[in-house]
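Q: Could you take me through one part of this model up close? I'd like to see how its strands are put together and what surrounds them.

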Amino acid sequence: MTQTVDQSRTRRARTAASLGLLEAERNARVDRITALAARVFGVEMTTVTVLDGDRATFPLSHGLDPGTTMPRSEVFCDLTQRQGEPMYVEDASLDPRFASWPIVTDAGIRFYAGHPLRDHMGTVVATLCLLDSTPRRLGDDEKELLAELAGLAETEMVSSTEMRLAQEAQASLLPQAGLEVDGWRIEGACVPAAAVGGDFYDYRATGRSAVLRLADVMGKGTPAALVAAGVRAALRGTEAAAAGVDLGVTVTRTARTLADDMERTESFVTLFEAVIDLDDGEVRYVDAGCGLALVARNDGSVEPLRSNDGPIGLWAEDHWTEHRTRLEPGERLVVVSDGVLDLVGEGPGHADRIAELVLGRDAVSRLEEIVRGCETTSAVDDVTVVVATRPASEGAR
């Protein structure tokens, strides 16, 4: 029995840690719920109590020092969590279970109400508590309100953790630095419109070629991040494209392998994928519904790269076609996601406006600053930019 209890405590402690409950800064929205509870119920203290080993901690609290710890055997929440049900103590000094506890005799606590907080698997990981030095009784409406606040805290607790994991998943999909090979430079940046989105970009050198991708998965949050991870893995499995295999064929094959996932998640993906010959500047590319790639020429003109192919995941039997262009020394390939259109506007001349935004304002290194400070409008979709630059001359290599 002791071993079972210890295992249960360990599991709860690990779950609380994984949810970030021991780190108040990661649960600001849950903390606001404890503040709301203090105002609504008019009590001296409200806490989210976590039982970690033999200690009780109060990482989210109002009216109590968050650095406070107590033996778990001397806090009401130990019983609340073990029972897995709400517990109400009207006057602890009159309750033989608690009357001799220091929290009652020394700290003067008389009233306690606690509601267990559960994770998405139903494990009790913490308690939302009300504490006061004055005895009181909660009516049915007040008990229902405490249950509602506990439900909100549970939702925020789990969703904030899922969002953090989605952020980490999205960040893991992005290159950690620009790519420089023989004077060529490829670099990118992404600013999600929300905390996390479905955009990702990728690039790497393979022999005398460089592979560049920008994809946008429909949706936001954890589902989009997971689909994006699968798409990236599938695309990386087709590096034979860099060896001269028709890029349209490889993208079509990749789309077939993703078909079940796309259908199951009711999702689709826009994609721009290019293979650049680092010796002669030839660019072979597939544009699957992206439509926002261009070449900035040496004469100052901007050449949009055209394609009529649709996104991956819309039509099961669709196929994609390879197209070609060439970068002369000093020219640049620019690929952006459709969130950029929120900043520059759609309609005639948008390619020139994109080039001005991305190249004229050094958007790759300053993308977040540009997005946050754009004077025209704010982005409602993720904003992602990738730029590949061919060295100006052979001497630069």
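A: **A close look at the six-stranded sheet**

Keep in mind that this is a predicted model. Let's start with one pair of residues: Gly188 has Val386, in S17, as its bridge partner. That pair belongs to a longer run, since strand S8 (residues 184–191) and strand S17 (residues 383–389) are antiparallel and joined by seven bridges.

Now step back to the whole sheet. S8 and S17 sit in an open sheet of six strands, and reading across you get S7-S8-S17-S16-S13-S14, with antiparallel pairing. At the edges stand strand S7 (179–181) and strand S14 (302–304); each has a single partner strand, so one side of each is left without a neighbour in the sheet. Going from one strand to the next, the twist averages 15 degrees.

What lies across this sheet? Helix H9 (residues 350–360) does, over strand S13 (293–296), S14, strand S16 (332–336) and S17. Against S16, helix H9 runs at about 100 degrees.

While you're here, have a look at another set of paired strands, with S12 as the one to follow. Strand S11 (residues 269–277) is joined to S12 by five bridges, and the two run antiparallel. One pairing to find on screen is Phe272 with its bridge partner in S12, Asp287. S11 and S12 form a hairpin with four residues between the strands, and there Gly281 takes a positive phi near 80 degrees.

S12 also pairs with strand S15 (residues 323–326), again in the antiparallel sense, over four bridges. Here Tyr285 is the residue to pick, with His323 in S15 as its bridge partner.

How buried is strand S12 (residues 282–288)? Seven of its seven residues are buried, so S12 is largely enclosed by the rest of the structure. You can check that face by face: on one side Glu282, Arg284, Val286 and Ala288 are buried, and on the other Val283, Tyr285 and Asp287 are buried too. So Tyr285 and Asp287, which turned up in the pairings above, lie on one side of S12, and both faces of the strand are covered.

For the wider setting, the protein has 10 helices and 17 strands, and 50% of its 397 residues are buried. Among contacts with a separation of 6 or more, 66% come from residues 24 or more positions apart. On the outside, the protein exposes about 18,100 Å², with carbon and sulfur atoms supplying 50% of that area.

Conventions
Residues are numbered from 1 along each chain as its sequence is written. This is a predicted model: local features need pLDDT of at least 70, side-chain atom pairs count only at pLDDT 80 or more; totals for chains, interfaces and linings use all residues. Side-chain values use heavy atoms; hydrogens and water are left out. Two strands pair if DSSP finds at least two bridges between them. Axes are lines fitted to C-alpha atoms, for helices over the stretch in contact, and angles run from 0 to 180 degrees between N-to-C directions. Contact means heavy atoms within 4.5 Å. Buried means under 20% relative accessible area, exposed over 50%, partly exposed in between (1.4 Å probe, protein chains only). Accessible areas come from the Shrake-Rupley method with a 1.4 Å probe; for residues, only the protein chains shown count as cover.
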